[in-house]
Amino acid sequence: MGKFLLFLLPASLLIFAGCNDSTYPFQQVTDEFTFIYDLPNEGGVDLIVLNCYMNNIRTLLTDSTQSSGSHSSSWDLLDSSAVRVPDGLYYIRIVLDDDVIETQMYEVYK
Amino acid sequence: MTLLMLLLCMIGQPSGGDNDSFSPGFRIGFTFNASFPSMQSEKDFADMNTAAGLDFELGSTALGGSVEVLGDVSEKFRIRGSFGGTNFSGGYSEGYNAMQNLFMIIFTLGLFSGGAEDDVIELNDQAISIEAQAYYVLSRTPGMSISAGAGPIYTFATRKLDSPNTATSGSGSGLGFVASLRLDQESTFKLGCLPLMFGLEGGYRMNNIKISDEEADDYELDFSGPFVKLGSYIGI
């Protein structure tokens, strides 16, 4: 009986771990959030928010000169008309000197 | 479909007599369609997801079916009308970790395994189309005919994107154009009392639909591309 329990404990842990295997490569957000990005070198940075139709719905930063290294910014889930965006998938493009260096994905819902 | 055709051919009996001369008639049937749409916007969307770190898989083939009516106007001209749907999909899914799966099987003595993949993001583009086409019969024998034709196509399309907590959908409609070559069986097989015929069609469709929703800002679902259809018809 004791040996059976020894098997049962890790088994149940694995089952629950498997059921909650939420390793989504995107963040789920419901309110204003801060995101971090790394710049390989100094240059002009644009931060652009796109919706799931790849339309620019908000520009968070335009040609702002930033040094290399880690930086952070935030998005309040508002579009360029200051209206909260509908639930859905959104993408933040980090553009350095006109080159997209990173795209981050967010699932926005209420 | 091919197996069904072969089966029908085996159990069906060729009808004799009236195949030697042309007689105008109609046939109605179902087709299975496979097309290879351009879908450049969806490819760009998939690329954006991949850039965001998702292994986003987009199909290359759109599959569907339609109900068709094909009629001989004269010995040299033929018309066709159809109503059908087609589906193009893609998405991102996750499975259990392989090592975790192995341990789970060992520790549960095989009672549990990782199970099926979980569809995290699902993209579905669906089109409902009405087609009208006129054909010129290039060659006709008692058993077979080859015809070439073209005509307009009107499509209503929807785009659905589902994620774990959200569902986004948009729709639009538009006019297009289709040109194709048909190979039709002219001699009928009697399946019981039903005169049965088969047809094969291949061609190119120009059909670019813009999603009209405000958010979409004219996002394009481009169903343009080559297609092939295989149909079975009942002669009327």
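These exercises walk through parts of a predicted two-chain model, each with a worked solution.

Local features here need pLDDT of at least 70, side-chain atom pairs count only at pLDDT 80 or more, and totals for chains, interfaces and linings use all residues. Residues are numbered from 1 along each chain as its sequence is written, chains are lettered from A and ligands numbered from 1 in the order in which they are written, and side-chain values use heavy atoms, with hydrogens and water left out.

**Exercise 1. Place B:Ser41 and decide: buried or exposed?**

Step 1. Find the element. B:Ser41 lies in helix H2 of chain B, residues 40-51. Helices (H or I, at least four residues) and strands (E, at least two) are DSSP runs, numbered from the N terminus.

Step 2. Check the surface. B:Ser41 has a relative accessible area of 16%, so B:Ser41 is buried. (Buried means under 20% relative accessible area, exposed over 50%, partly exposed in between, with a 1.4 Å probe and protein chains only.)

Step 3. List the neighbours. Leaving out residues up to four places away in sequence, B:Ser41 touches A:Met54, B:Tyr219 and B:Glu220. (Contact means heavy atoms within 4.5 Å.)

Step 4. Look at the side chain. The side chain of B:Ser41 reaches the backbone oxygen of B:Glu220 at 3.2 Å.

Step 5. Compare sequence and space. B:Asp222 is 181 residues from B:Ser41 along the chain, yet their C-alpha atoms are separated by 7.6 Å.

**Exercise 2. Describe how strand S6 of chain A is paired and covered.**

Step 1. Start with S3(A), residues 43-50. S3(A) and S6(A) run antiparallel, joined by 6 bridges. (Two strands pair if DSSP finds at least two bridges between them.) A:Val49 stands opposite A:Ile92 in S6(A).

Step 2. Turn to S7(A). S6(A) and S7(A) also run antiparallel, with 9 bridges. A:Leu89 has A:Glu107 in S7(A) as its bridge partner.

Step 3. Inspect the turn. S6(A) and S7(A) form a hairpin with 2 residues between them. In that turn, A:Asp97 has a positive phi of about 50°.

Step 4. Count the covered residues. In S6(A), 8 of 9 residues are buried.

**Exercise 3. Which class does each loop residue, A:Ala82 and A:Asp98, fall into: buried or exposed?**

Step 1. Take A:Ala82. The loop between S5(A) and S6(A) holds A:Ala82. Its relative accessibility is 56%, so A:Ala82 counts as exposed. A:Ala82 is not a glycine, but its phi is positive, about 65°.

Step 2. Take A:Asp98. The loop between S6(A) and S7(A) holds A:Asp98. At 69% relative accessibility, A:Asp98 counts as exposed. Phi of A:Asp98 is near 70°, again positive in a residue other than glycine.

**Exercise 4. What lines the largest cavity?**

Step 1. Define the space. On a 1 Å grid over the protein atoms alone, a cavity is a set of points where a 1.4 Å probe fits but cannot get out; lining residues have an atom within 4 Å of a point. Grid points are joined across faces, edges and corners, and a volume is the space filled by probe spheres set on the points.

Step 2. Give the volume. The largest cavity has about 160 Å³. Of its 20 lining residues, the closest to the centre are B:Asn33, B:Thr86, B:Ser129, B:Glu131 and B:Arg205.

Step 3. Find the main contributor. S5(B) gives the largest share of the lining, 5 residues.

Step 4. Sort by class. The lining has 6 nonpolar, 11 polar and 3 charged residues. (Ala, Val, Leu, Ile, Met, Phe, Trp, Tyr, Cys and Pro count as nonpolar, Asp, Glu, Lys and Arg as charged, and the others, Gly among them, as polar.)

Technical notes
Polar contact = N/O pair within 3.5 Å; in protein donor to acceptor, adjacent residues only side chain to side chain. 1 Å grid on protein atoms, 1.4 Å probe; cavity = no way out; pocket = protein on both sides within 12 Å on 5 of 7 lines; lining within 4 Å.
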